[in-house]
Amino acid sequence: MIELKNVSKSYYKVKAIDRLSLTVQEGEVLGILGPNGAGKTTLLKMIAGLVQPDNGRISPFFATWPTIAYKPERQLFPNHLRIKSYLEMIAKLSNLNRAQTEKEVTQALAWTGLSDAASKKIKHSSKGMRQRLGLAQLLIGRPQLLLLDEPSNGLDPTGQADIVRRVKQLQAAGRTILISSHQLHEMTEVCTRLIILKNGRIRYQNSMQAALNVTAHVLIHTDKKTANMAAFFAQMHPDISTDGKTVRLGERAFPLRRQMMMQLLRNGYDILRVEHKTATLADIYAEVVR
Amino acid sequence: MMQRIWTLTRYFSHRFIFSLNGIIYAVLALAFWFLFFDPRQGSPDFDHYFFILSGFGAGITFLVTLTLAGQVNRSEHFPFLVRLPSRVEYLTAVFLASLWVSILLQGLTAVLTLYNGPDFAAGQWAQLIPVWISLDIFAVTIALHASDFITDKWSRVYFYGIVAVLLSINGTENAPYAWLSQKLISFSRTLSNNGMGSVSGSINKFAAWMNSSAGDTLHKFTALIFWPFTAIANGIAAHHFTPKQALAPAILLLYAIAFYLLATDLWANKDVEFIDG
């Protein structure tokens with residue numbers, strides 16, 4: 001659906017995006033993670049056509065227009081407009097006729113729970129309402145690609161959960177979504193694929209499911225230090241390691257866990273606790289950006 | 001496309017007129033009317049009316065365009081911009097809104113001035129309208145190049161630098177060319193002393209041309225460029241436009257088209273960095 005080939009962008013001497021290649025398929029929800037200054041916003045702006053790449057090519061493959069809706073990180077609104085008028089304006093810019101405008105604006109208001117506030121001026125709306133209005137405008141005209149830059153930035157936990165719920169609904173409706181966020185639990189819940197940027201380059205990419213499974217492991221906590229068993233375990237399987245009183249089995253060493261525990265018991269160790277851990281996105285993120 | 005441009009034009013104009021800026025400009029127009037056309041006088045002298053309001057129109061158009069371009073250059077408009085199939089639609093709306101608001105302000109002043117009864121013949125109006133419109137359109141296009149909205153890197157400096165150079169050439173006599181010619185001759189002597197005879201010879205020839213006919217040639221060239229303005233001023237002063245002078249507004253529109261195309265090129269290829277606020 002959209003393809004970036006060797007795209008680079010510099011601001012003065014700072015490389016915001018460095019020879020980045022990426023393909024996003026239709027219906028995918030791509031999460032973009034990375035530390036501040038990694039190039040997330042620049043990447044979204046380039047796809048939105050707001051920033052021109054210095055090198056490389058961005059090929060959007062869209063069948064119909066309107067194609068893109070964009071929610072900036074810090075979305076500001078024309079405060080003098082009413083909520084409904086703002087959405088009607090977006091509808092007109094998406095070439096909807098009067099009947100379609102009425103229908104889509106009503107649906108968008110209902111979907112975001114803003115129907116009762118439709119006639120309210122934006123300047124009198126709360127932060128949460130503005131965030132929801134930012135989401136409502138994404139729906140108008142049914143654009144094929146939605147670009148969300150830190151959609152839950154600055155919201156309380158209820159507001160964040162609300163955003164996650166609505167992005168999931170958009171995903172279920174088959175929209176292609178690119179979402180940049182620092183909220184890792186939110187990304188874990190909504191994204192089907194993940195990229196982690198650092199210094200303008202993709203340092204990690206995987207499907208969310210594979211990313212979380214590949215680093216699953218078992219931790220066996222014992223009563224004594226296990227250093228003297230380290231050589232034996234390494235011989236058993238390279239994916240077994242020791243750290244203080246804990247033995248760690250990587251995913252590939254899972255079938256050996258019973259045998260290993262028997263070995264520990266035979267050697268006089270007491271097994272205090274066994275933990276089956278799947279990696280969190282935070283673990284992956286910390287590993288990549290370290 | 002027309003629906004989108006029309007929607008944005010209406011939005012930008014409405015926003016400007018009902019903002020503090022809009023009120024300030026309306027007050028400015030009223031103050032101008034009060035100062036230059038005493039409300040107690042009868043119908044104004046046509047030449048005075050024509051000349052003063054032409055200048056006022058162009059000036060206020062320039063300022064309105066700058067202000068409006070500042071208003072549209074805000075990050076609240078990102079969602080609007082990404083919806084458009086072409087960025088040029090956004091620029092066209094800015095152009096039309098600036099022109100519309102300026103004509104409204106100029107029209108307000110022009111109508112107020114005629115409060116005590118217009119005394120102009122239809123033929124005089126036929127002279128006046130094309131000149132006003134062409135000057136206003138021209139002013140919008142040059143003001144766009146002064147705004148952050150259109151400016152890309154050093155483009156504003158290049159644009160106004162070239163205009164300043166042309167204006168200064170148009171306004172200077174031969175003295176600077178003689179001075180420059182002397183400097184070039186001494187530079188060519190230095191080159192010649194350092195064994196660069198061929199380059200020195202070329203520079204010498206150029207210096208000689210500059211001393212003899214450069215001023216005249218360049219002056220003719222810039223006079224040709226600024227001819228539409230001179231023709232309009234002369235036409236107003238002479239109370240009628242010759243057939244040749246009547247072409248001046250059309251030439252001015254050609255300039256405006258060229259500047260507008262340059263603006264579309266800059267705008268279509270720049271990184272959009274709308275400001276917060």
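The following paragraphs describe the nonpolar cores, the interface between chain A and chain B, selected helical residues and the salt bridges of a predicted model.

The largest nonpolar core comprises 138 residues, and within this core the residues with the most contacts are B:Phe12, B:Tyr90 and B:Phe149. Helix α3 of chain B, spanning residues 46-72, gives the most to this core, contributing 11 residues. The surroundings of B:Tyr90 may be listed in full: when neighbours within four places in sequence are left aside, B:Tyr90 is in contact with B:Leu8, B:Phe12, B:Val72, B:His77, B:Leu81, B:Leu84, B:Phe149, B:Trp267 and B:Phe274. Apart from the largest core lies another one, of 15 residues, which includes A:Val218, A:Met236, A:Leu256 and A:Leu264.

Between the two chains, 33 residues of chain A are in contact with 27 residues of chain B. The size of an interface is often given as the accessible area lost when the parts come together. For chain A and chain B this buried area is about 2500 Å², with carbon and sulfur atoms giving 56% of that value. Of the area that chain A buries against chain B, 25% is supplied by A:Leu50, A:Met89 and A:Leu93, which is more than any other three residues supply. Polar terms are also present, in that 12 residue pairs are found in polar contact across the interface of chain A and chain B, with both partners at pLDDT 80 or more. On the side of chain A that touches chain B, the elements giving two or more residues are β1 (2-11), α1 (40-48), β5 (68-71), α2 (83-93) and α4 (127-139) of chain A. Of the elements on this side, α2(A) gives the most, with 5 residues. By residue class, the side of chain A that touches chain B divides into 21 nonpolar, 8 polar and 4 charged residues.

The count of salt bridges between chain A and chain B is 2. In one salt bridge, B:Glu273 pairs with A:Lys45, and the closest N and O atoms are 3.8 Å apart. In addition, A:Lys9, A:Asp54 and B:Asp271 are linked in a network of salt bridges. The residue A:Lys45 is itself one of the buried residues of α1(A), together with A:Lys40, A:Thr42, A:Leu43, A:Leu44, A:Met46, A:Ile47 and A:Ala48. Because 8 of its 9 residues are buried, α1(A) is largely enclosed by the rest of the structure. The helix is followed by A:Gly49, which has a positive phi, near 85°.

Three hydroxyl-bearing residues of chain B were examined individually.
B:Ser102 lies in helix α5 of chain B, residues 87-113, and is buried, with a relative accessible area of 0%. A polar atom of the B:Ser102 side chain lies 2.6 Å from the backbone oxygen of B:Ser98, and, residues up to four places away in sequence not being counted, B:Ser102 touches B:Ile60, B:Thr61 and B:Val64. B:Thr9, placed in helix α1 of chain B, residues 2-17, counts as buried at 5% relative accessibility. Its contacts, with neighbours within four places in sequence left aside, are B:Ala93, B:Leu96 and B:Ala97. B:Ser192, by contrast, is found in helix α8 of chain B, residues 175-193, and counts as partly exposed at 39% relative accessibility. The C-alpha atoms of B:Ser192 and B:Phe159, which are 33 residues apart along the chain, are separated by 37 Å.

Over all chains, the structure holds 16 salt bridges. Side chains of opposite charge can pair when their charged atoms come close. A:Glu189 forms a salt bridge with A:Lys168, with 3.1 Å between the closest N and O atoms. This pair links distant parts of the chain, 21 residues apart, since A:Glu189 belongs to helix α6 (residues 184-190) and A:Lys168 to helix α5 (residues 157-172) of chain A. Both partners are partly exposed, A:Glu189 with a relative accessible area of 43% and A:Lys168 at 35% relative accessibility. A further salt bridge joins the side chains of A:Glu275 and A:Arg273, at 3.4 Å from N to O; here A:Glu275 is partly exposed at 23%, and A:Arg273 is partly exposed at 45%. In chain B, the side chains of B:Asp148 and B:Arg156 meet in a salt bridge at 2.9 Å from N to O, and B:Arg156 counts as partly exposed at 29% relative accessibility.

Key:
Residues numbered from 1 in each chain as written. Chains lettered and ligands numbered in written order. Predicted model: local features only at pLDDT ≥ 70, side-chain atom pairs only at ≥ 80, totals over all residues. Heavy atoms only, no water. Core = buried A, V, L, I, M, F, W, Y, C linked by side-chain atoms within 4.5 Å. Buried < 20%, exposed > 50% of the residue type's maximum accessible area, 1.4 Å probe, protein only. Helix = DSSP H or I, 4+ residues; strand = E, 2+ residues; numbered from the N terminus. Contact = heavy atoms within 4.5 Å. Buried area = accessible area lost by both parts, 1.4 Å probe. Salt bridge = Lys/Arg side-chain N within 4 Å of Asp/Glu carboxyl O. Polar contact = N/O pair within 3.5 Å; in protein donor to acceptor, adjacent residues only side chain to side chain. Nonpolar A, V, L, I, M, F, W, Y, C, P; charged D, E, K, R; others polar.
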